[in-house]
Every structure is written in structure tokens, then in C-alpha cells.
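Colleague: I am new to this structure and would be grateful for a guided discussion. May we take it one topic at a time?

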Amino acid sequence: MLTMAFQVSAQQKKVAKPMQTYTVANKKVTVYTTAKKSDYRISKTETLSFTENKQPFETEPCIFVDPTIKYQTLVGIGGALTDASAETFAKLSKKNQQELLTAYYSQDKGIGYTLARTNIASCDFSSESYTYVQDNDLDLKTFSVVHDEQYKIPLIKQAIVAAGGKLPLFVSPWSPPAWMKDNNSLIQGGHLLPAYRQSWANHYVKFIKTYEAMGIPVWGLSVQNEPMAKQKWESCVFSAEEERDFIKNFLGPTLKKSGLASKKLIAWDHNRDQIFQRASTILNDKAAAKYVWGIGFHWYETWTGSGMQFGNVKQTHEAYPDKALIFTEGCKEKYDVNKLDDWTLGERYGYSMINDFNAGTAAWTDWNILLDEKGGPNHVGNFCFAPVHADTKKDKLIYTNAYYYMGHFSKFIRPGAKRIGAASSRDQLESTAFLNADGKLVVVVMNQSDDQLKYSLWIKGEAATTTSLPHSITTLVVE
């Protein structure tokens, strides 16, 4: 198993020192394809060879790759193990449970997820609201995760085994207990009351140490899921200054004092639209920044009518190159059972992943790994899509094309890989490229157009030519 690159190295700065040489002499290119109106689903479709082409003309579409130019190190790619995923998983037959675990966590037989997220106490994708402590228990003496022992903890443990015994997990709270908030409610936003800041900081430590004592290592944590959202489900508002000061004065020191300073602390954990403002407010304060490993973000800025704002991610990376960027959540909202085969589900993932990685993102985490035939369970009716759905009445797994689109990255680009220089000469072909620790070079090319496009993978004066099918994603592995 490849070693997980937890620390942000010097190579996560804008550009690392280039390699001296790279040659494709005697190397082959294996092509894997997923395409609309075909049976291709991460299918091996071609093996290509390189031929000399010192300088392509403008009439020759190319993906230009330079392995000597290196950017950020990949931490991992994965999805969230929520209450909803765990409850749906429990309704499956043992056979289908094993199929799902293999599909997600086996690199050979599945798509090789290497990262996971879970919720601290309840979120919208829980069957009900719940907390881990009794009301007004300032010292957290009643703290218990017995709720999680029925579904969520067993799923997480099985996922770790399926992933080969190692699955970095980060944890996120949706809301402090109601009695710690100024609106005395788990829902509709509200703020953490100043009097309970230390108790709430202690709550993260309690959760992490309890899970670890039960055999679930915790790699990292975010401060607050969607801190600028007032939701009809579990939510809590932190302004940028409030989050900065909570990290600086309470959460950061408490983690350090409790022996958890090595846990990766993730700030923001909300949409791309305000990522730069949040990052600059927190990271310009050295006393807060020293506790922060990275900035997390979601893709739901589109609810405002905006497109995905990758430029904000890139600007944040350029301003703070010593901090990691991690995509912490994304899913297609407004579940419709009639759209499970909608090809745009996967294309949204491919479009986001390519552009997020090219903007400097080091880790990418999907939302629920599994939901039921209704897009839940969800205790407030906020039903959504997942890459895989279960028809629990028929004991059947339904793989959407989002599963395969994510797999074009997670199966082939492994933890420790370095993103390398890649540029397309046609806007219809979007691409990103990585060099794995084992020397395999991986290029992902996506075509959202209705056109079939012939192009060449060009590396150091050598080119391998192939054709991109309409509405397809392709992974080219050079070895």
C-alpha cells in the first residue's frame, strides 16, 4: 500500500523544483473509458504507443503533459460514511454489503477510495436528531456514542477492513447540543454561546478519543460543517472572526493539550464562494493559522445561480501555499428516481474534480457513499443523489455514472501522487495529470461535448493518439 501523504510538503507550493529528465521511450499507454450510449464503464479500451512528434501544429488537438513540473501532493479521494449510508447499508443482504465495500474500497476490483468523512452527532442525513450528551452537562460526563454503535460504527469498521486496514477519516459537527447555542435548537443556525466554547472544544476531543478507543483512527476534523448556513436541519453559524477566535483560543489549544495536535484541523468546510474571505481572515492571524492544516470547501455555491468558482480555490491556494485544500462535500441535490441514469450526474463530478485539482486541491471527498431508493434517509426531506443507491425493497444496488466518473480518479491516482503539468489545446477536452509514487503517470481527460474528438497525448516530443467519445471520461495510464 502506498504511504499516505499527510503533511503538506514544499511541493505543494506553486511549483516545485523540476525533475531533470522524463522519457516515454518504450512506455505504453493503457486507456480506460466510461462513455454515454456505450457499455464502457472504466473499461480497458485501448493500448497506445508513442511516436515522435517534436512540434504539433495547431490543427492537431493535444493534451500536453510535462512530468517534470510538479504541484501538490494527493492526500486521498473518498466519500462520507454517514448515518444515512450506514442505515441503508444495514438493510442490504450480506452479499450486497460485501459487493458495495469491494466496489468502493478495493483498488483492483473497485475504485479504491482512500479517504472518508463522518458526522459528529446528527446531520440532515440521519433518521433523527441526536446528541452525545445530556442537557446542561458542561463537563460532558454523560458523553456516549451508543447511538452510533448500531449502524455507523460497524460500517466504518468494515470500510477500514475493505480498504486494507487503513482509511483516513475526518469528522465534522453540524451543530453543538442545543443548550450550548443562543437559539436553544440544533437547527436553524444559531451561534455557540461564549460560555460553552471550552466545553464544545472538549466535545471534539471526547468524540475523537472515544472513536479511537473503539478501533477507529481519526485523521482529521473540521471546525463546523457549513458555518454560514442557517438550515432547517442541524446547523450553527460562525462568522470568519468567530471561527478564527474559536480555533485560536479554544479548539487549537485544547487539541494540543489533549495530545491531538497531529490531527488535521480543517477550517471553513463550506462553499467556494466565500473560501478566500474565510481563509484570509483565519490564516492571516498567525496565532490561529498555526493550528490549521487546511481549508475545506463544498460545491453548493451553485444554489445562488453561480457557476462553480474554481478561481476562488486557486487564489486561496496561491495566497496560502503552505496550507492544504480539501474538497469536503458535494452531491447532486433534489433527488429524482427517474434521473438515476442522467449522464450529467457524473459529468458534474468530473468537471469539479479536474478543476479543483488543477486549482491546487490535495484531497477530494464526496458526500454519502450510499443512499436508499428515496435519496435518504433524511429527517428533513432533503433528499439527494449518491454515486450508488440501494433499492432496499428489492435488495438491489444501483450504480450511477457518478460512481464511475469518481473511479477514473480514485482508482488510478493514489495517495502520494504529485499533480504534474497538463494543458489541453481544446476547450472541449478538460484534463488533469498526476505522477504516482510508483512511477505510473495518470492523465484524466473529460469530454462533455456531443462531438467525437481525435487528440494526442503529447509528452516531451512523443505523442500517442486516441479518440475521445462524446460525453466520456478517459484515464490514460503511462507505464
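Modeller: Certainly. The model is a predicted one. In it, R197, Q198, W200, A201, N202, Y204, V205 and I208 of helix α4 meet F246, F250, L251, T254 and L255 of helix α5.

Colleague: How do the residues of the contact of α4 with α5 divide into nonpolar, polar and charged?

Modeller: The contact includes W200 and I208 from α4, and F246 and L255 from α5. By class, its residues are 9 nonpolar, 3 polar and 1 charged.

Colleague: At what angle do α4 and α5 pack?

Modeller: Two packed helices are described by the angle and the distance between their axes. For α4, which covers residues 197-213, and α5, the axes lie 9 Å apart. The crossing of this pair is right-handed. The packing angle is about 35°.

Colleague: Which kind of aromatic pair do F246 and F250 form?

Modeller: Both residues belong to α5 (residues 240-257), and since they are 4 residues apart, about one helical turn separates them. Their ring centres lie 6.3 Å from each other, with 25° between the planes. An angle under 30 degrees counts as stacked. The pair formed by F246 and F250 is therefore stacked.

Colleague: Is F250 buried, partly exposed or exposed?

Modeller: Its partner F246 has a relative accessible area of 2% and is buried. Buried requires a value under 20%, and exposed one over 50%. F250 has a relative accessibility of 21%, so the residue counts as partly exposed.

Colleague: How many aromatic pairs does a search of the whole structure find?

Modeller: The stacked pair of F246 and F250 is one example of an aromatic pair. Aromatic residues also form a cluster, made up of Y104, Y105, Y113, Y399, Y403 and Y404. Over the whole structure, the search finds a total of 32 aromatic pairs.

Colleague: Is Y335 buried or exposed, and how is its ring placed relative to that of F385?

Modeller: Y335 is buried, with a relative accessible area of 16%, and F385 is buried at 4%. Their ring centres are 5.0 Å apart and the planes stand at 50°, so the pair is tilted.

Colleague: How many residues apart in sequence are the parts that this pair ties together?

Modeller: Y335 is in the loop between β11 (324-329) and α9, whereas F385 is in the loop between β13 (370-372) and β14 (388-391). The pair therefore ties together parts whose separation in sequence is 50 residues.

Colleague: Are α9 and α10 roughly parallel or roughly antiparallel?

Modeller: Helix α9 spans residues 344-358 and helix α10 spans residues 401-410; their axes are 7 Å apart, at an angle of about 25°. That angle makes the two helices roughly parallel.

Colleague: Which residues of α10 does α9 meet?

Modeller: The crossing of these two helices is right-handed. From α9, the residues L345, G346, E347, Y349, G350, M353, I354 and F357 take part. Their partners in α10 are N401, A402, Y405, M406 and F409.

Colleague: How many of the residues of α10 are buried?

Modeller: Among the buried residues of α10 are Y403, Y404, G407, H408 and S410. Helix α10 is largely enclosed by the rest of the structure, because the number of its residues that are buried is 10 of the 10.

Colleague: Which residue, 444 residues apart from V31 along the chain, has its C-alpha atom 5.9 Å from that of V31?

Modeller: V31 is found in strand β1, residues 28-35, and counts as buried because its relative accessibility is 2%. Among the residues it touches are S43, L48, T474 and L476. The residue with its C-alpha atom at 5.9 Å is T475.

Colleague: What phi does D269 have?

Modeller: Most residues other than glycine have a negative phi. D269 lies in strand β9, residues 264-271, and counts as buried because its relative accessibility is 0%. Although D269 is not a glycine, its phi is positive, at about 60°.

Colleague: Where is H471, and what is its phi?

Modeller: H471 lies in the loop between β20 (462-468) and β21 (472-478). With 14% relative accessibility, H471 counts as buried. Its phi is also positive, near 45°.

Colleague: Is the peptide bond from G376 to P377 cis or trans?

Modeller: Most peptide bonds are trans. P377 is in the loop between β13 and β14. The bond from G376 to P377 has omega near 5° and is cis.

Note on methods. Residues numbered from 1 in each chain as written. Predicted model: local features only at pLDDT ≥ 70, side-chain atom pairs only at ≥ 80, totals over all residues. Heavy atoms only, no water. Axes fitted to C-alpha atoms, helices over the stretch in contact; angles between N-to-C directions. Parallel < 35°, antiparallel > 145°, perpendicular 65-115°, else oblique. Left-handed = near helix turned anticlockwise from the far one by under 90°. Contact = heavy atoms within 4.5 Å. Buried < 20%, exposed > 50% of the residue type's maximum accessible area, 1.4 Å probe, protein only. Phe/Tyr/Trp six-rings, centres within 6.5 Å; stacked < 30°, edge-to-face > 60°. Nonpolar A, V, L, I, M, F, W, Y, C, P; charged D, E, K, R; others polar. Lists of a residue's contacts leave out its neighbours within four places in sequence.
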